Amino acid sequence: MLRKKRKTETRSGNGLAKSPTGIAGLDEITNGGIPRGRPTLVCGGAGSGKTLFAIEFLVRGAVEFGEPGVFIAFEETADELAKNVRSLGFDLDKLSRQKKLAIDYVHVERCEILESGEYDLEGLFIRIAHAVKSIGAKRIVLDTVEALFAGLSNDFILRGELRRLFRWLKDEGLTAVITAERGVSTLTRQGLEEYVSDCVILLDHRVIDQMATRRMRVVKYRGTIHGTNEYPFLIDKQGFSVLPVTGLSLEHQATSARLSSGIPELDAMLGGKGYFRGSTVLITGTPGTGKTSMAAHFVDAACRRGERCSFLAFEESESQILRNMRSIGLDLGQWLKKGLLQIKASRPTLLGLEMHLVTVHQEIEQFRPRNVVIDPITDFEAVGSHGDAKTMLLRIVDFLKSRQITAVFTSLISEDTTPGAAEVGISSLIDTWLLLRNLEQAGERNRSLYILKSRGMPHSNQIREFVLTNHGARLIKVAIGPDGIVTGSSREALQAREKSNGIANEQSRQSRRRSLDHKHTALLARLKALQSEFDAEANAVMTDIEQEGLREKHAQAQRSRLVQSRTERSRRFTPVKDDGK
């Protein structure tokens, strides 16, 4: 796939002019491209991609950077080259008609070299100069240099002509890519080209544990800094692409935005708001604990928000995933039809780790999802060591974080594995870590969940029972029995007993309250009777007091009348005294 025309020249920090190749990832590794006006050696074994690299360098230059190019072929004709790269979307015939590309096949026979005596490249220089002038070429490819010197046995002449060839290309100011076959103990068969080239790129197609992988390394680059690691690259229908992931730094932005896990009870355990956007979530669990189901809830919630989601599955086909999720009430098929969900299912052994890495990179670049699920990551260890798988995951996490993509990984552990021990190698890469376990109690197995860690947010430290129903997943508070937590039917039985005991206790409390009410009523009745008795007695006493008062008043009155009566009688019978006469 070709892109629109872009800037044709870049410069490194020290001012070295560079020609961008247009090959995805390579310009990042080389900090702008290969040296402008200088020769670059591309070496590698058979099938490593040397010719395709060179073709794409010319095609990208002509289409995207407006720099016509010349391809000098010593092994394949123009028709053969055109047919070989047509499947990649490169139309060499069209570019030739547009004077953007010139292909010149130089037929070299060993017998002719032996018969000609001394070897001289003057004729080749004239031929190249004519091709360059015919289209105003800025770029040139020589494929391969061994074919040019195939019949030359004199090392002194060979080395002299090689130096002369590279010097001529420099003097002409052509940005050159020269391909060469790899030697036994040297980068090339002659062992000289790598020393006279300003830039050397090594392509490697190796097989490790029956898995083929492609890797690239910039062996040297005069006058500028460059990536020196081995980088995985891929050759597919999009052409040649490199993923320079080891150059990524910890510069991604962290946001406080939150998004739902798809399970309300889990969101509540995560501070009530769910995961951080752009974070990395790991769901670890033993077989059958519901790891994929939990990831599917996250996918469903993301699609309901109108966000794209990419589901990379390595154990189940797309059809199987859709069927299985329908059994728990999730219809993921609707999101496929709306273009919000993309499911890519393949066996992990289909590609090596590097190819999986580049494939993930390409899928994300093409689909542009906001969320990614990889189910499971442990399958990567089937195509590489634990250390290689960890390195790959580090690269994937860095790539996703740099684009603010929320990632959910699932990981399988065995029943006898200590929680968290199996993933200790990648724990530093994970922001939120959920652990699912099977608990065996009373002759049955039940799922449980707890949050091992969740950076940057308050989260629950409690265990929840994880239940899959016809209407989705639920998290239920576990019951606490005499021997610890209780789940499943044991939890229901304990809750039933607790409910029964609660009812009995309530009945006992109600009975005691009724007895107390009766006593209170009886007390009130007794108080009322005593009050009546008191009132009657008080009335009687008051009556007696009143009567005594009346009697006293009556007696007093009688005494007063008696005294008065006596006084009157005394006055009536008293004699008159005689005055003595």
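This section describes the fold, core, strand pairing, salt bridges and one surface patch of a predicted model.

The protein chain contains 16 helices and 25 strands. It has 581 residues, of which 47% count as buried. Long-range contacts are prominent in the count. Among contacts in the protein chain with a separation of 6 or more, 69% are between residues 24 or more positions apart. The exposed area of the protein chain is about 29,900 Å². Carbon and sulfur atoms supply 51% of that area.

Strand S7 spans residues 139-143. Five of its five residues are buried, so the strand is largely enclosed by the rest of the structure. In a regular strand, side chains alternate between the two faces of the sheet. Both faces of S7 are covered. Arg-139, Val-141 and Asp-143 are buried on one side. Ile-140 and Leu-142 are buried on the other.

S7 pairs with strand S5 and with strand S8. S5 covers residues 69-73 and runs parallel to S7, with five bridges joining the two. S8 covers residues 175-181 and is also parallel to S7, here over four bridges. Arg-139 has a partner in each of these strands. Gly-69 stands opposite Arg-139 on the S5 side. Thr-175 is the bridge partner of Arg-139 in S8.

The nonpolar interior was examined next. In soluble globular proteins, nonpolar side chains tend to be buried together. The largest nonpolar core in this model has 38 residues. Leu-266, Met-294, Leu-332 and Leu-341 touch the most other members. Helix H11, residues 291-304, gives the most to this core, with six residues. Beyond residues up to four places away in sequence, Leu-266 touches Ser-261, Tyr-275, Met-294, Leu-434, Leu-449 and Leu-475.

Met-269 belongs to helix H10, which comprises residues 264-269. Its relative accessible area is 5%, so Met-269 is buried. Outside its neighbours within four places in sequence, Met-269 contacts Leu-449, Ile-451, Pro-458, His-459, Ser-460, Gln-462, Arg-464 and Leu-475. Gln-462 is one of these partners. Met-269 and Gln-462 are 193 residues apart along the chain, yet their C-alpha atoms are separated by 8.6 Å. Leu-449 and Leu-475 appear in the contact list of Leu-266 and in that of Met-269.

The count of salt bridges comes to 22. Three pairs illustrate different settings within the chain. Arg-86 forms a salt bridge with Asp-93, and their closest N and O atoms are 3.4 Å apart. Arg-86 is partly exposed, with a relative accessible area of 46%. Asp-93 is partly exposed as well, at 32%.

A second bridge lies within helix H11. Asp-300 and Arg-304 are both in that helix, four residues apart, about one turn of the helix. Their side chains meet at 2.8 Å, N to O. Asp-300 is buried, with a relative accessible area of 7%. Arg-304, in contrast, counts as exposed, at 57% relative accessibility. The cut-offs behind these labels are under 20% for buried and over 50% for exposed.

The third bridge joins the side chains of Asp-431 and Arg-455, at 3.3 Å, N to O. Asp-431 lies in the loop between strand S19 (406-412) and strand S20 (432-441), and Arg-455 in the loop between strand S21 (444-454) and strand S22 (464-469), so the pair ties together parts that are 24 residues apart in sequence. Asp-431 is buried, with a relative accessible area of 13%. Arg-455 counts as partly exposed, at 38% relative accessibility. Elsewhere, salt bridges that share partners join Arg-38, Lys-170, Asp-198 and Arg-222 into one network.

A nonpolar patch of about 360 Å² occurs at the surface. Leu-523, Leu-524, Leu-527 and Leu-530 make up this patch. Leu-524 lies in helix H16, residues 488-572. With a relative accessible area of 44%, Leu-524 is partly exposed.

Conventions
Residues are numbered from 1 along each chain as its sequence is written. This is a predicted model: local features need pLDDT of at least 70, side-chain atom pairs count only at pLDDT 80 or more; totals for chains, interfaces and linings use all residues. Side-chain values use heavy atoms; hydrogens and water are left out. Patches are made of residues with over 30% relative accessible area and no salt bridge: like charges are joined within 9 Å, nonpolar side chains (Val, Leu, Ile, Met, Phe, Trp, Tyr) within 5 Å. Accessible areas come from the Shrake-Rupley method with a 1.4 Å probe; for residues, only the protein chains shown count as cover. A salt bridge is a side-chain nitrogen of Lys or Arg within 4 Å of a carboxyl oxygen of Asp or Glu. Buried means under 20% relative accessible area, exposed over 50%, partly exposed in between (1.4 Å probe, protein chains only). Two strands pair if DSSP finds at least two bridges between them. Contact means heavy atoms within 4.5 Å. A nonpolar core is a set of buried Ala, Val, Leu, Ile, Met, Phe, Trp, Tyr and Cys residues joined through side-chain atoms within 4.5 Å.
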